[in-house]
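Reader: I'm a first-year student, and I'd love a close look at one part of this structure: the place where the ligand sits. Could you walk me through it, and then show me a few other spots?

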Amino acid sequence: MTRTGFELVAQDHPRLARMRTIFAEQYRFSRDIVDRAIAAFGGSWADEAEETLRVLFSDDEGLNAAIRGYSVFALDSMRRQARFEKTLAYPSKTYAEAASEVYFNDAHMMGVYLPGLLLSHFLWPHHYRQLEFFDAAFVRPMKAAGGARFVEVGVGTGLYSRRLLQALPAATGYGLDISPSSQEYANRHVAAFGLQDRYQVHLRDVAEEADASAPWLLCVEVLEHLEDPVAFLKLLRRTLAPGGRAFITAALDAANADHIYLYRTSEEVQVHLQAAGFALEQAFLGAAYKPAQAGAPVPLAAAFVVI
Ligand SMILES: C[S@@+](CC[C@H](N)C(=O)[O-])C[C@H]1O[C@@H](n2cnc3c(N)ncnc32)[C@H](O)[C@@H]1O
């Protein structure tokens with residue numbers, strides 16, 4: 001019998017091996033999701049996933065809870081996506097409704113949304129590819145330029161900020177989020193990696209910021225959560241220091257509970273970025289999976305480096 005890609009790395013990746021077993025035994029809809037990620041992304045993916053699981057979910061109780069949350073999050077997204085394929089519209093919802101249903105619902109945030117979002121960044125191809133683009137197009141240039149200060153708006157899990165802090169040992173930064181749950185989750189995430197002296201999340205709307213103080217700025221998957229993304233982008237633009245650089249992303253054709261602004265193409269986001277005064281440097285577009293038939297919408301991740 002030939003050894004699978006996973007068996008070759010399992011020995012050095014015990015938490016990943018445990019996650020693989022839990023999916024295989026308890027979550028049939030995702031039973032081979034770890035093997036598929038290994039086949040697609042290889043050893044460096046396995047190392048990064050193992051580190052994240054080891055630091056954040058070192059015991060089985062924590063790992064089981066995170067995988068349970070991810071599974072509820074993924075199944076809910078799949079149901080909403082199936083409806084979206086027929087309607088090509090997100091159900092009408094205000095920002096205030098989405099905020100009370102999701103961002104201010106602590107049980108949902110801690111049990112489902114934040115662990116779901118975190119694990120999706122390793123398990124969903126478009127999310128992991130977006131992380132790779134972040135490293136190549138933003139983190140490495142920031143390192144090369146000797147960048148030392150950054151701000152993340154809408155931190156959610158804290159994954160992007162943590163990645164940047166790890167890659168740039170002299171960097172300091174802070175995050176802004178309106179959700180007390182995201183604040184707590186991201187602060188705990190960063191502290192678990194021992195990076196809390198260089199970073200903290202503040203419970204603040206970007207509207208209270210907008211003071212040209214951020215030479216390096218991140219905002220990942222927030223635009224599609226807003227009623228007026230251009231107004232928000234204008235605040236981000238004002239937050240960016242002169243000569244600064246921003247990494248901004250949006251989910252396209254992705255029917256999550258709190259996605260209220262439908263972007264269907266990368267160009268639509270680029271028009272909004274330009275309307276807010278940003279100039280485009282680099283763009284990324286990744287798909288969650290191949291469409292079942294030509295023309296069927298699939299969730300996409302669109303990311304941009306702008307100045
Ligand atoms: C999809 S999550 C972002 C994902 C996150 N970047 C990550 O890597 O996990 C959306 C986040 O944006 C936050 N948010 C929504 N509106 C906001 C606003 N006006 N200002 C700051 N944060 C906001 C939400 O509370 C939530 O934590």
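Author: Happy to; here is the ligand site, followed by aromatic rings and some single residues. This is a predicted model, in which local features need pLDDT of at least 70 and side-chain atom pairs count only at pLDDT 80 or more, while totals for chains, interfaces and linings use all residues. Residues are numbered from 1 along each chain as its sequence is written, and side-chain values use heavy atoms, with hydrogens and water left out.

Let's begin with the ligand. It is surrounded by 21 residues, and the closest are Y95, T157, D177, S182 and V220. A residue is near a molecule if one of its heavy atoms lies within 4 Å of it. Three of these side chains have an N or O atom facing an oxygen atom of the ligand: the distance is 2.6 Å for D177, 2.8 Å for S182 and 2.9 Å for T157. A polar contact is a pair of N or O atoms within 3.5 Å; within protein, one must be able to donate a hydrogen and the other to accept it, and residues adjacent in sequence count only if both atoms are side-chain atoms. On its own, the ligand has 600 Å² of accessible area, and the protein covers 98% of that. Such areas come from the Shrake-Rupley method with a 1.4 Å probe, and for residues only the protein chains shown count as cover.

Which elements give two or more residues to this shell? They are α5 (95-103) and α6 (106-123). Helices (H or I, at least four residues) and strands (E, at least two) are DSSP runs, numbered from the N terminus. The shell also draws at least three residues from each of domain 1 (5-123) and domain 2 (125-306), with bounds from an automatic or database domain assignment. By type, the shell holds 11 nonpolar, six polar and four charged residues. Here Ala, Val, Leu, Ile, Met, Phe, Trp, Tyr, Cys and Pro count as nonpolar, Asp, Glu, Lys and Arg as charged, and the others, Gly among them, as polar.

Now for the aromatic rings. The structure holds 19 aromatic pairs. Rings of Phe, Tyr and Trp (its six-membered ring) pair if their centres lie within 6.5 Å; planes under 30 degrees apart count as stacked, over 60 as edge-to-face and the rest as tilted. F84 and Y90 have ring centres 5.4 Å apart and planes at 45°, so this pair is tilted. Both residues, F84 and Y90, are buried, where buried means under 20% relative accessible area, exposed over 50% and partly exposed in between (1.4 Å probe, protein chains only). F122 and Y128 form a tilted pair because their planes meet at 35°, with centres 6.3 Å apart; both F122 and Y128 are buried. Ring pairs also link F133, F134, F138, Y160, W216, F247 and F284 into a cluster.

Some single residues are worth a look too. R15 sits in helix α2 (residues 14-26) and counts as buried because its relative accessibility is 13%. A polar atom of the R15 side chain lies 3.3 Å from the backbone oxygen of F57.

Most residues other than glycine have a negative phi. L88, though not a glycine, has a positive phi near 50°; L88 lies in the loop between α4 (60-87) and α5. D253 also has a positive phi, about 50°, and is found in the loop between β5 (240-252) and α11 (266-275).
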